[in-house]
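Me: Could you take a close look at the aromatic rings for me, and at how they pair up? If there is room afterwards, I would enjoy a short detour to the strands as well.

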Amino acid sequence: MKASPRAHARVALAAGAGLTLALLVPGTAGAATGTPNVPTDLYNAYRPCATDPGAPLVLAGRTGVVVEGIPSHTDPEVSNLTEQFRYWPVADPAQVGAVERTWAQPGYEASTRLPVLTDGQTYAWQARTVDPSNSAASDWSAACYITADDTFPDQPPTVVSPNYPEDQASQGGAPIHFEFGANGVPDILGYQFSWDGTFSVSGAEIGEHGIPHASDPFADPRYAVRANGLGGGASVDLIPPANSANWIQDLYVRSVDRAMNPSSTYHYRIRIKPDAPKITVLSHAPYGKPVTLKLTPDAGVQAASPVVGYSIRRSGSWEPITVPAEASGVATVTLALEPRETLLVSSTSTNGWTSQRNWWRDETDTTVTVTSAQYPAGTASAGVPGTFHFAPKTEGSQIASYTYSFGWGDQPTTVAAGKKGELDLSWTPQHSGWYYLRVHATTKDGLELADSYYFFGVSS
């Protein structure tokens, strides 16, 4: 809840059925001139009070109800007032209770809380302003009427989708049409729903002079819908959220009554057939050079609503790349990729539908081929000077150098490659034992390729 910068400070109140409504202690010297005014802008639970006894405001009473009004005085010099509230069950007007708010600021909402109310009972309440300097009191305001409702709906809502039957595989691309029903609960006011199982809670913003402005709990069609009548149903068309696009989607739905008491939650599972776009490589440039990809939408998604673009998420990056599509839904994109980089690609349709994600990774083997006549891999050979031949496995790679070491603790050494991107390395063992040759190539563009490992032994 937001508070106005000028919102008055809240203070503790005296409350209870035993509070006297008699005038306060007789005035003293310096008492104000003028008279207190009847409080205005009456609210209960931050909503305007209902003055029609035949149409009381229905509220939860289990924790009491906040009541408030703006006290004022005809003397502009008065800065401290008391606002008193009295309340009673309409069925038994003799059972009057009272609460009050002291140290109230003229011209600003003064609030207190009625105690816990009995479920199902209708109550009336009034407010008046008292000047504590001389015990003068205004008339009582017109009565406000509230009905306490602490009975939660005893059934979850019914949830049906004609185009995405529950727990059955369906073609994606079109909005999911849902029909909600009250399931026999007569006082259902509306329905709340979410894709993650959490539900929004309505509140109020505090405006000028502390006047509350309660939010409409059904104002946002992404999360709630009002029933077509008390105890009636409702329908919505929903698009699953893009950040959770998957072949399984779960919608959580609950109904709420006039007091916003929620029912238990209905969990509706949607299964969507694979609808990710197809990824095709159009260019086979030398490794490390930009690659061109063709993105083609799923036919069912394109038929339901034309694809207007694609979202590409690269491994190691949170920021997606957006690529616009042609009228056919097809798009091409050229990207410079890191070794073994993975791409996740989804399509976005005109109606907002986001497809499942397809993934693509360049599987080109960028390791180095290592051979040696004197020291074949996996065998132990006599300790003689040897030659190790390094060559790239990727055709067309522009290799500038090789970096190698003959043991985990050795400092790596970098040697320039020959004209053909290969290298013959002469090496003489310093001792007998097993060696672990580790080597990788670096391209002329500075791209470091994958490591290769070559295990061999030297006999004494």
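Reply: Happy to! Two rings of Phe, Tyr or Trp, the six-membered ring being used for Trp, count as a pair if their centres lie within 6.5 Å. Please keep in mind that this is a predicted model.

With that cut-off, ring pairs link ten residues into a cluster: Y375, F388, F390, Y402, Y404, F406, W427, Y435, Y454 and F456. For the wider setting, the whole structure holds 25 aromatic pairs. One of them joins Y375 to F456, with 5.4 Å from centre to centre and 50° between the planes, and this geometry is tilted. The two partners come from separate places in the chain: Y375 sits in the loop that runs between β29 (368–371) and β30 (380–382), while F456 belongs to strand β36 (residues 452–459). The pair therefore ties together parts that are 81 residues apart in sequence. Y375 has a relative accessibility of 0%, so this tyrosine counts as buried. F456 is buried too, also with a relative accessible area of 0%.

Another pair to look at is W427 with Y435, which meet edge-to-face: their ring centres are 5.1 Å apart and the planes make an angle of 80°. Both of these residues are buried as well, and both appear in the cluster described above.

Now for the detour to the strands. Around N44, strand β2 (residues 36–44) runs antiparallel to strand β5 (residues 65–73), joined by five bridges. β2 also pairs with strand β3 (residues 47–48), again in the antiparallel sense, over two bridges. N44 takes part on both sides, standing opposite V67 in β5 and opposite R47 in β3. Two residues lie between the strands of the β2 and β3 hairpin, and here A45 adopts a positive phi near 55°.

Elsewhere, three strands make an open sheet in the order β12-β14-β19, with antiparallel pairing. Its edge strands, β12 (158–160) and β19 (234–238), each pair on one side only. From one strand to the next, the twist averages 25°. β12 and strand β14 (residues 176–181) are held by three bridges, and T158 faces G181 of β14 across this pairing.

If you want a starting view, centre on Y375 and F456, the tilted pair, then move on to W427 and Y435, the edge-to-face pair.

Note on methods
Residues are numbered from 1 along each chain as its sequence is written. This is a predicted model: local features need pLDDT of at least 70, side-chain atom pairs count only at pLDDT 80 or more; totals for chains, interfaces and linings use all residues. Side-chain values use heavy atoms; hydrogens and water are left out. Rings of Phe, Tyr and Trp (its six-membered ring) pair if their centres lie within 6.5 Å; planes under 30 degrees apart count as stacked, over 60 as edge-to-face and the rest as tilted. Helices (H or I, at least four residues) and strands (E, at least two) are DSSP runs, numbered from the N terminus. Buried means under 20% relative accessible area, exposed over 50%, partly exposed in between (1.4 Å probe, protein chains only). Two strands pair if DSSP finds at least two bridges between them. Axes are lines fitted to C-alpha atoms, for helices over the stretch in contact, and angles run from 0 to 180 degrees between N-to-C directions.
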